Amino acid sequence: MQLSLEDYPRYGRQMILDGFGLTGQLKLQSSSVAVVGAGGLGCPALQYLAAAGIGRIGIIDHDVVEVSNLQRQILHDESKVGMAKAESAARALRRINSKLTIDAICDALTPENAVELLSPYDTILDCTDNAPTRYLLSDTAVFLGKPLVSGAAQKFEGQLCTYNLGTVGPCYRCLFPTPPARELVGTCEETGVLGAVTGVIGNMQALEAIKIILGLHDQRPSLLLFSALGSPPFRSIKLRSRKTTCPACGDSKQKVGDIKEIDYVQFCGGPAPDWEGRGL
Amino acid sequence: MQLSLEDYPRYGRQMILDGFGLTGQLKLQSSSVAVVGAGGLGCPALQYLAAAGIGRIGIIDHDVVEVSNLQRQILHDESKVGMAKAESAARALRRINSKLTIDAICDALTPENAVELLSPYDTILDCTDNAPTRYLLSDTAVFLGKPLVSGAAQKFEGQLCTYNLGTVGPCYRCLFPTPPARELVGTCEETGVLGAVTGVIGNMQALEAIKIILGLHDQRPSLLLFSALGSPPFRSIKLRSRKTTCPACGDSKQKVGDIKEIDYVQFCGGPAPDWEGRGL
Amino acid sequence: MSTGDTITLKVEFSGGLELLFSNQRSHKLSVPALVPKKYGDASSETKPADITFLIHYLRDNLLKERVELFMESDTVRPGILVLVNDTDWELEGEGDYSLKAGDEIVFISTLHGG
Amino acid sequence: MSTGDTITLKVEFSGGLELLFSNQRSHKLSVPALVPKKYGDASSETKPADITFLIHYLRDNLLKERVELFMESDTVRPGILVLVNDTDWELEGEGDYSLKAGDEIVFISTLHGG
Ligand SMILES: [Zn+2]
Ligand SMILES: [Zn+2]
């Protein structure tokens with residue numbers, strides 16, 4: 001594999017970094033990343049993955065752009081309202097970097113299609129907005145043996161954690177065997193979120209993926225907590241390693257069973273309550 | 001001042017946050033922010049300022065888009081190579097949010113024009129890439145009595161600090177009365193920078209500005225250090241207050257003299273060496 | 001800090017858990033340095049206050065509603081992660097970790113938004 | 001930690017300053033707990049090791065080149081910010097701050113890139 005001549009000036013500013021170089025650029029060029037969710041987290045993550053020259057990027061999202069997204073989902077714009085988010089994001093990325101392969105996948109990720117949709121990619125970014133999909137993504141990443149860079153943001157707060165990384169990295173179930181109570185969980189729709197908070201976390205997700213691909217990640221299990229109004233705003237938490245008793249990634253591999261047969265929505269307490277329907 | 005009816009769904013996700021509300025959205029709408037530099041830091045900062053609904057945004061940059069910028073300056077794209085960066089960024093912001101007033105100012109910031117160019121704005125973002133302009137911006141912010149949200153990024157590292165904030169906030173000269181030695185300072189051109197690092201810092205600059213405008217900033221002097229490969233990646237530093245002996249913001253106001261008469265380039269050790277011209 | 005028989009701690013809730021505690025994220029509190037081995041049974045032997053004690057103490061003194069969203073069979077609900085001075089409590093002995101003056105204990109729930 | 005007469009510290013350089021110190025950001029080092037009041041003069045009175053001592057010690061033991069880029073008239077060059085355990089040294093007594101075992105002292109230069 002080679003770097004084409006016109007890519008030297010394009011990527012020069014990062015290729016001169018220690019530990020990067022031509023080798024690093026070729027690693028990015030030959031890597032593939034799936035971004036699940038082209039919303040508040042996915043947009044900034046996708047931007048920096050594309051700008052850095054990740055050779056193949058899959059965008060998985062079945063939603064369409066709404067005007068209420070524009071406050072934070074910065075790859076979409078007023079002219080894209082009504083368009084599929086995956087398509088809108090793909091167009092924005094092609095404008096930034098026309099040489100990349102961008103797969104716009106306008107399907108919902110489900111237990112039936114997750115393994116198939118994600119297997120072509122080396123690294124997976126969880127930029128979704130609900131608990132069932134987060135457990136589904138974790139189980140799928142474990143099944144496929146791929147790292148999962150997971151971001152989340154709500155109100156003024158954000159969390160970032162890379163799951164299933166290397167030999168000791170825990171999965172989402174190692175940390176959170178049970179989903180949080182539905183009553184304490186809101187979607188961004190219900191509780192709101194500041195755009196710059198999703199921006200910081202999504203951006204950090206792209207950075208984590210790039211570090212993993214370049215071999216610059218220290219692979220120590222850690223969780224980054226962000227609080228936009230906190231002082232200090234960031235805290236890094238040292239996490240447990242993979243748990244041998246974990247039903248997903250533990251020694252009795254895949255005790256959770258076949259992904260296709262798991263009812264993730266039920267596991268997470270049933271469908272999200274329809275607050276608007278209830279007049280709230 | 002009112003919020004137009006179609007802006008309620010648009011900004012709803014942030015208006016429902018604690019401490020935000022309609023009042024907060026109106027504060028953003030009636031505020032004005034100048035972003036000096038539409039490069040690696042300016043692009044992400046501008047994106048989140050525009051998406052959040054800052055009423056007036058000034059973009060000051062005299063450079064044109066080059067292909068080597070695209071690795072991190074995510075408001076520009078391949079079709080914009082050769083266009084003025086301020087203009088390119090302004091077009092991108094108008095696509096995101098057509099109701100804002102965007103001033104594209106394609107001039108270099110100089111001691112002669114700094115006060116005039118910046119006086120129409122409430123808050124100033126330093127997204128520049130060189131020491132002389134950083135001192136010039138600090139002195140101008142002190143002269144105008146406006147907060148200066150300063151970001152910097154190089155290699156795998158970033159720094160974020162808000163200067164001249166409130167009554168006790170220090171200025172850039174309070175902290176760094178003397179510029180660093182030229183030999184230790186590189187531009188991104190010379191030393192390189194990872195795009196996601198400029199992204200995180202630029203994004204945090206937008207967040208700082210939004211917090212200041214909303215009155216959610218705790219106003220305690222602090223410096224955020226970011227190291228993409230560090231563990232932990234972020235450190236928050238508690239800083240000194242404004243120094244009464246500071247030649248810029250101290251008790252003997254403006255001992256540095258008239259901004260128009262300061263030779264900032266000389267103060268910072270003369271023009272940047274032309275490494276390429278020297279065959280490096 | 002410790003004043004002989006009490007220990008002063010910082011306790012934080014985040015990721016939505018603060019909703020159960022008067023919507024207040026950060027709490028400063030003092031707990032006894034020695035507590036009964038069996039929670040609430042003053043006649044039982046004593047032990048240094050540990051996180052298991054703290055969880056019960058928070059339930060009885062700070063929790064405002066819905067105990068089942070915070071506790072389950074004498075420990076935290078499994079969806080809650082406990083941090084001791086920025087370290088996962090699993091690396092610190094979990095409930096058996098003995099509290100020290102100045103410790104910062106954080107209870108978080110995962111966020112799901114994006 | 002302290003072993004009676006030495007103090008173990010973590011010293012970090014960033015923002016470009018690491019270039020003067022073998023391009024290594026993080027250093028662990030031990031310094032004497034008591035040092036001469038007048039640097040290098042073993043016959044002078046002693047004082048607890050402070051940051052002023054540390055600056056000289058780093059110059060003589062770790063600095064690889066260009067002393068004038070690190071020091072100026074017995075302290076750091078004014079373009080350098082010194083941090084003591086994540087606090088600006090101006091809030092900690094500057095050069096007179098007495099080093100304690102486990103302290104983390106950071107020397108940074110401002111970055112200018114964007
Ligand atoms: Zn697991
Ligand atoms: Zn000052």
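What geometry do the four donor atoms give the site of the zinc ion (ligand 2)? Keep that in mind while you load the model, which is a predicted one, and let us walk through it stop by stop.

**Stop 1: the zinc site in chain B**

Select the zinc ion (ligand 2) and show the side chains around it. Its protein donors are the SG atoms of B:Cys171, B:Cys174, B:Cys246 and B:Cys249, lying 2.3 Å from the ion. Measure the angles among these four donor atoms and you should find values of 91 to 123°, so the opening question is settled: the site is tetrahedral. Along the chain, the donors follow the spacing C-x2-C-x71-C-x2-C. Now colour B:Cys171 and B:Cys249. The former sits in the loop between β6 (157-163) and α7 (172-175) of chain B, the latter in the loop between β8 and α10 (264-267), so this pair ties together parts that are 78 residues apart in sequence.

**Stop 2: the zinc site in chain A**

Next, jump to the zinc ion (ligand 1). Here the coordinating atoms are the SG atoms of A:Cys171, A:Cys174, A:Cys246 and A:Cys249, at 2.3 Å. The four donor atoms subtend angles of 91 to 123°, which makes this arrangement tetrahedral. The donor spacing reads C-x2-C-x71-C-x2-C. For a link between distant parts of the chain, pick A:Cys171, in the loop between β6 (157-163) and α7 (172-175) of chain A, and A:Cys246, in the loop between β8 (234-238) and α10 (264-267); they are 75 residues apart.

**Stop 3: backbone details**

Staying in chain A, select A:Ser231 and A:Pro232, which are joined by a cis peptide bond with omega of about 5°. A:Pro232 is in the loop between β7 (222-227) and β8 of chain A. Then switch to chain B, where the peptide bond from B:Ser231 to B:Pro232 is cis, with omega near 5°. B:Pro232 belongs to the loop between β7 and β8 of chain B.

One more torsion deserves a look: B:Asn164 has phi near 55°, a positive value in a residue other than glycine. You will find B:Asn164 in the loop between β6 and α7 of chain B.

**Stop 4: where chains A and B meet**

Zoom out and show every chain. Five pairs of chains are in contact, and chains A and B share the most contacts. Chain C and chain D, by contrast, have no contact joining them, and their closest C-alpha atoms lie 16 Å apart.

Now select the interface of chains A and B: 54 residues of chain B are in contact with 54 residues of chain A. Together the two chains bury about 5,100 Å², with 63% of that area on carbon and sulfur atoms. On the chain B side, highlight B:Arg13, B:Tyr48 and B:Gln71, which lose the most area to chain A and together make up 14% of what that side buries.

For the polar part, there are four salt bridges between chain B and chain A. One to display joins B:Asp77 and A:Arg95, whose closest N and O atoms are 3.5 Å apart. Across this interface, 15 residue pairs are in polar contact.

Finally, colour chain B by secondary structure. Elements that each supply at least two residues to the side touching chain A include α1 (7-15), α3 (42-52), α4 (85-96) and α9 (195-214). The largest share of that side, eight residues, comes from α9(B). Sorted by class, the side of chain B that touches chain A has 28 nonpolar, 13 polar and 13 charged residues.

Note on methods: Residues numbered from 1 in each chain as written. Chains lettered and ligands numbered in written order. Predicted model: local features only at pLDDT ≥ 70, side-chain atom pairs only at ≥ 80, totals over all residues. Heavy atoms only, no water. Contact = heavy atoms within 4.5 Å. Buried area = accessible area lost by both parts, 1.4 Å probe. Salt bridge = Lys/Arg side-chain N within 4 Å of Asp/Glu carboxyl O. Polar contact = N/O pair within 3.5 Å; in protein donor to acceptor, adjacent residues only side chain to side chain. Helix = DSSP H or I, 4+ residues; strand = E, 2+ residues; numbered from the N terminus. Nonpolar A, V, L, I, M, F, W, Y, C, P; charged D, E, K, R; others polar. Donors = N, O, S within 2.8 Å, 3.2 Å for Na, K, Ca; no water. Tetrahedral: all angles 85-135°; square planar, octahedral: opposite > 155°, others 65-115°.
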